[in-house]
Amino acid sequence: MNKAPHSDTAANPCPSRPQALITWLMSVAVLVFAIVVVGGITRLTESGLSITEWKPITGTLPPLNEASWLSEFEKYKQIPEYTEINGPAGMTLAEFKFIYFWEWVHRLLGRVIGLAFALPLAWFWIKQAIPSGYKPRLLALLALGGLQGTIGWWMVSSGLSARTDVSHYRLAVHLLTALTILGGLVWTALDLKELTKNPSAKPARITGFTGSILAILFIQLLFGAWVAGLNAGYVANTWPLMNDRFYPDGVDTANGAFYALVNDPYLTHFVHRWWAWVAVIALILMARRVKKAGVRGASAAIHSAFGIQMLLGIATVMTGVNIVLAVSHQAVGALLVAATVWGAHVLGRDTA
């Protein structure tokens, strides 16, 4: 007698388990998308340093009375952002409550995501509903999510003593880790979708071509994070030229070209602006291959995401970083990651 392909689903009489896993993973992906959007709001409203302590359990609840609010406000008054910027500007308790709200929502979403991933994972594990070979990957995503919480506090702590904002390096790590988690969730869900069609389906792999596309997009996202962390979006509000010049005035290379590349707001803005076209060409090439592979939906998603993203980026610059446009730019950036992962999965599946 021929044996069925070895997998937990083959031994489990319930064939719907992979679909349940897909629904769970995509639900968590939606939550990750939401926290990326809220993270953008938190950054643009300068809310990220409003909560000066990390209390994973007791910090779940916001201040519930006036005395607690005053206590939190007093803690905030000790950091440079208040003593050098918001204090002299006359920040009121009501204004503090506004920025505190966004940081609290951001942290609360992080806790919700952790529970939304960990608890169902434990349940699926106990029920032996996880297909063979997927447990290590799901544990890796769990670990990466836990690490992300630590990275978030590491980022915040950089702005609590010697500076008035967070390190743009740490901000980039925080954002890119979130987008990596989003990509991992989508990729795993797509692998499981193939498993529902064919119990012997192998996971897709990253090819040399798709790896190159992802690397190009990574560079664009990295510079986007640096632009955000350095407030570099404000240095020019014209497009395509930067203050009437192709290469902007004001680039400080006193500490060397590489230092300027990763620290100067004019140069990071310039690179983010023009590397975008490299990313567009790469994504067009990917989308064409995806379409040839017969998955028009993924091709359309890639085209739509980078097209809207470009328009939002230009509009954000030309409006002097309008908050709605800037947050939308970050949100569509996350959708672009998901669309690109979908395309990479299609091409990796064809060669698996």
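Okay, to warm up: is D244 buried or exposed? Have a look at the model before I tell you. And keep in mind as we go that this is a predicted model.

Right, D244 is exposed, and its relative accessible area is 67%. The cut-off for calling a residue exposed is over 50%, so 67% puts D244 in that class. You'll find D244 in the loop between α8 and α9. There's something else to spot in its backbone: D244 has a positive phi, about 70°, although it is not a glycine.

Let's stay in that loop for a minute, since there are other things to see there. Which other residue has a positive phi without being a glycine? That's N231, with a phi of about 55°. N231 also sits in the loop between α8 and α9. Its relative accessibility is 33%, so N231 counts as partly exposed.

Now slide along to P240, which is in the loop between α8, residues 208-229, and α9, residues 257-263. Look at the peptide bond leading into P240 from W239: this bond is cis, with omega near 5°.

Okay, on to helices. Find α10, which covers residues 265-292, and α11, which covers residues 296-318. How far apart are their axes, and at what angle do the two helices pack? The axes are 8 Å apart, and the angle is about 165°. Anything over 145 degrees counts as roughly antiparallel. That's why we call α10 roughly antiparallel to α11. And if you're wondering about handedness, the crossing of α10 past α11 is left-handed.

Who does the touching here? On the α10 side the contact includes H269, R273, W277 and L283. On the α11 side, among the residues making the contact are R296, I302, F306 and M310. Sorted by character, the residues of this contact come out as 13 nonpolar, 3 polar and 3 charged.

Let me show you another helix pair, α2 and α5. Here too the packing angle is about 165°, and the axes are 9 Å apart. So α2 is roughly antiparallel to α5. The crossing of α2 past α5 is left-handed. In this contact, the residues divide into 22 nonpolar, 4 polar and 2 charged.

While we're on α2, let's pick out two of its residues. R17 is in α2, which runs over residues 17-44. Is R17 buried or exposed? You might want to check this one on screen. R17 is buried, at a relative accessible area of 19%. The cut-off for buried is under 20%, so with 19% R17 makes it into the buried class. Now jump along the chain to F124. R17 and F124 are 107 residues apart in sequence, yet from C-alpha to C-alpha they are 8.5 Å apart in space.

The other α2 residue I want is T42. T42 is buried, with a relative accessible area of 4%. T42 and Y100 are 58 residues apart in sequence, while their C-alpha atoms are 9.3 Å apart. What does T42 contact, once you set aside its neighbours within four places in sequence? The list is S47, G48, W102, E103 and H106.

Next stop, the loop between α2 and α3, where T52 lies. T52 has 13% relative accessibility, so T52 counts as buried. Leaving out neighbours within four places in sequence, T52 is in contact with K75, Y76, I79, W153 and L160.

Y76 is a good lead into helix α3, residues 66-76, because Y76 is one of the buried residues of α3, along with W69, E72 and F73. Where do these sit around the helix? They cover an arc of only 100° around the axis, so they are on the same side of α3. What covers them includes α4, residues 80-86, and α5, residues 93-126.

Last one: N86, which is in α4. N86 is buried, with a relative accessible area of 17%. And look who turns up again: leaving aside neighbours within four places in sequence, N86 is in contact with Y76, E81 and M91. So Y76 is a nice residue to click on, because Y76 is itself buried in α3, and T52 and N86 both contact it.

That's my tour, thanks!

Technical notes. Residues are numbered from 1 along each chain as its sequence is written. This is a predicted model: local features need pLDDT of at least 70, side-chain atom pairs count only at pLDDT 80 or more; totals for chains, interfaces and linings use all residues. Side-chain values use heavy atoms; hydrogens and water are left out. Axes are lines fitted to C-alpha atoms, for helices over the stretch in contact, and angles run from 0 to 180 degrees between N-to-C directions. Helices (H or I, at least four residues) and strands (E, at least two) are DSSP runs, numbered from the N terminus. Angles under 35 degrees count as roughly parallel, over 145 as roughly antiparallel, 65 to 115 as roughly perpendicular and the rest as oblique. A crossing is left-handed if the near helix is turned anticlockwise from the far one by less than a right angle, and right-handed if clockwise. Contact means heavy atoms within 4.5 Å. Ala, Val, Leu, Ile, Met, Phe, Trp, Tyr, Cys and Pro count as nonpolar, Asp, Glu, Lys and Arg as charged, and the others, Gly among them, as polar. Buried means under 20% relative accessible area, exposed over 50%, partly exposed in between (1.4 Å probe, protein chains only). The arc is that of the directions from the helix axis to the C-beta atoms.
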